[in-house]
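The following exercises concern a predicted model. Each task is followed by a solution in steps.

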Amino acid sequence: MFMTLFFKECKEIVRSITYYIFLACTVIFFITQMGSFEGVQKPTQGQEYYGVKYSDDENVIMQSTMNKLSFDLCFNSYTTYPIGFYKKVKLNDQEMSQVFQIFEGITGINKEQLIKEFEKYNETQHDLAIDFVKVKDTITFDKFSKDMDKIDDILGGGSYYSSKRLYVNAEVDKTYEDALKDYESIISNDKISRAYARLFSDYMGIVLAILPIFLAVTRALKDKRAKGEQVIFSKRCSSTTIILTRYFSIIAMILLPLLLISVTPTLQSVYSANSNGITADSFAFIKVIFGWLLPTVLVTVSMGFFLTELTNGPVAILVQGIWWFISISLGSLNLIGNVGMNLIPRFNTLGSYDVYNRIFNELVINRSFYSLTGIILIIMTIFVYDVKRKGKLNFNGKIFKNC
């Protein structure tokens, strides 16, 4: 009975236009973000460019940040991401005065001096950052961070002057030694495919935290739209069987295209590994799909089923949309190794095995938590559905109107 209903539900999903929209969005997102993989090549000494990295030297971070701030002050134009999305900020005179006061405390340069030197910079095209702006030797990194947080507050938050994002300002060129170290780590620790699989999980986690909710809500509302609830309620089949067959069929129909999509990057990783004389982990993408991405799918679909059965309406889409938006916003502060209890763990880089190794336990706890949450929500869904079959808890779309 269970498998018969399961395959029947899968066929129903295949007939749904919502499912094809889901497939189209997922494939397009994958192609635009990860459509090409040039492989991993060993750096050669004497190259002009080896890429960039973020320096962890506190002096470099402070100096780079003040270089950026000096230009932003002169143009009165600041880039921020207050809720994860781009926003250009211009300060009023009072706010500018507050920022200049902090700037002078760190550099010893007042507003008039900065403007004068900036005019000189425009005439000579010399590098203002190197020739003029210097951080006082007496400024500690702790005090500097607190002062930068004050500027971030003035800007409305989400700026590059937040103490959590200061490292982003300290972008420096990699040396040959840096590039060689990264290459050796990707080869020896990640076998290339594992590093690429983490990047795959980072991107696909973004869409899988929102798109499956539409499949869940559409399926949960289908019987209501077709006015077939009472017929189904009268069937002898248990509530557990009905809900779980619907649930697992959606999960399966989400995982299937994911596994198919992962074939291309897997083959690219294997080819790149062979070119470097090593054997890739051919199951790397399968591991991250079930270990990294599946918990996101479980909790998202469960949320859709539970709230839709509880309210008889599409409120789950709104709730999940807000949750997704908050997760994206929090993740934007750090795209490499940002886990915590975020629904969408971020690891937007190829490599950085040391960072991954450091956050691995945190990632396991995060994924286990959301898997458990998904299970609890679907159990609650079964309970709500069973109560409704007994003629109770029928809200007809209004939570506080019990028919």
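**Exercise 1.** Determine which residue just after α3 takes a positive phi, and describe the helix before it.

*Solution.* Step 1: the residue is asparagine 76, with a phi of about 50°. Step 2: helix α3 covers residues 58-75, and its 18 residues reach 26 Å from the first C-alpha to the last, close to the 26 Å expected at 1.5 Å a residue. Step 3: at the start of α3, a side-chain oxygen of aspartate 57 comes to within 2.8 Å of the backbone nitrogen of asparagine 59. Step 4: the buried residues of α3 include Ile61, Met62, Leu69 and Leu73.

**Exercise 2.** Locate the partners of the salt bridge between lysine 53 and aspartate 178.

*Solution.* Step 1: the closest N and O atoms of lysine 53 and aspartate 178 are 3.0 Å apart. Step 2: the pair links distant parts of the chain, for lysine 53 is in strand β1 and aspartate 178 in helix α8, 125 residues apart. Step 3: buried means under 20% relative accessible area and exposed over 50%; lysine 53, at 32%, is therefore partly exposed.

**Exercise 3.** Classify aspartate 147 and lysine 150 as buried, partly exposed or exposed, and state how they are placed in their helix.

*Solution.* Step 1: aspartate 147 has 8% relative accessibility, so it counts as buried. Step 2: lysine 150 has 48% and therefore counts as partly exposed. Step 3: because they are three residues apart in helix α7, about one helical turn separates them. Step 4: the two form a salt bridge, with the closest N and O atoms 3.9 Å apart.

Notes. Residues are numbered from 1 along each chain as its sequence is written. This is a predicted model: local features need pLDDT of at least 70, side-chain atom pairs count only at pLDDT 80 or more; totals for chains, interfaces and linings use all residues. Side-chain values use heavy atoms; hydrogens and water are left out. Helices (H or I, at least four residues) and strands (E, at least two) are DSSP runs, numbered from the N terminus. The expected span of a helix is 1.5 Å times one less than its number of residues. Buried means under 20% relative accessible area, exposed over 50%, partly exposed in between (1.4 Å probe, protein chains only). A polar contact is a pair of N or O atoms within 3.5 Å; within protein, one must be able to donate a hydrogen and the other to accept it, and residues adjacent in sequence count only if both atoms are side-chain atoms. A salt bridge is a side-chain nitrogen of Lys or Arg within 4 Å of a carboxyl oxygen of Asp or Glu.
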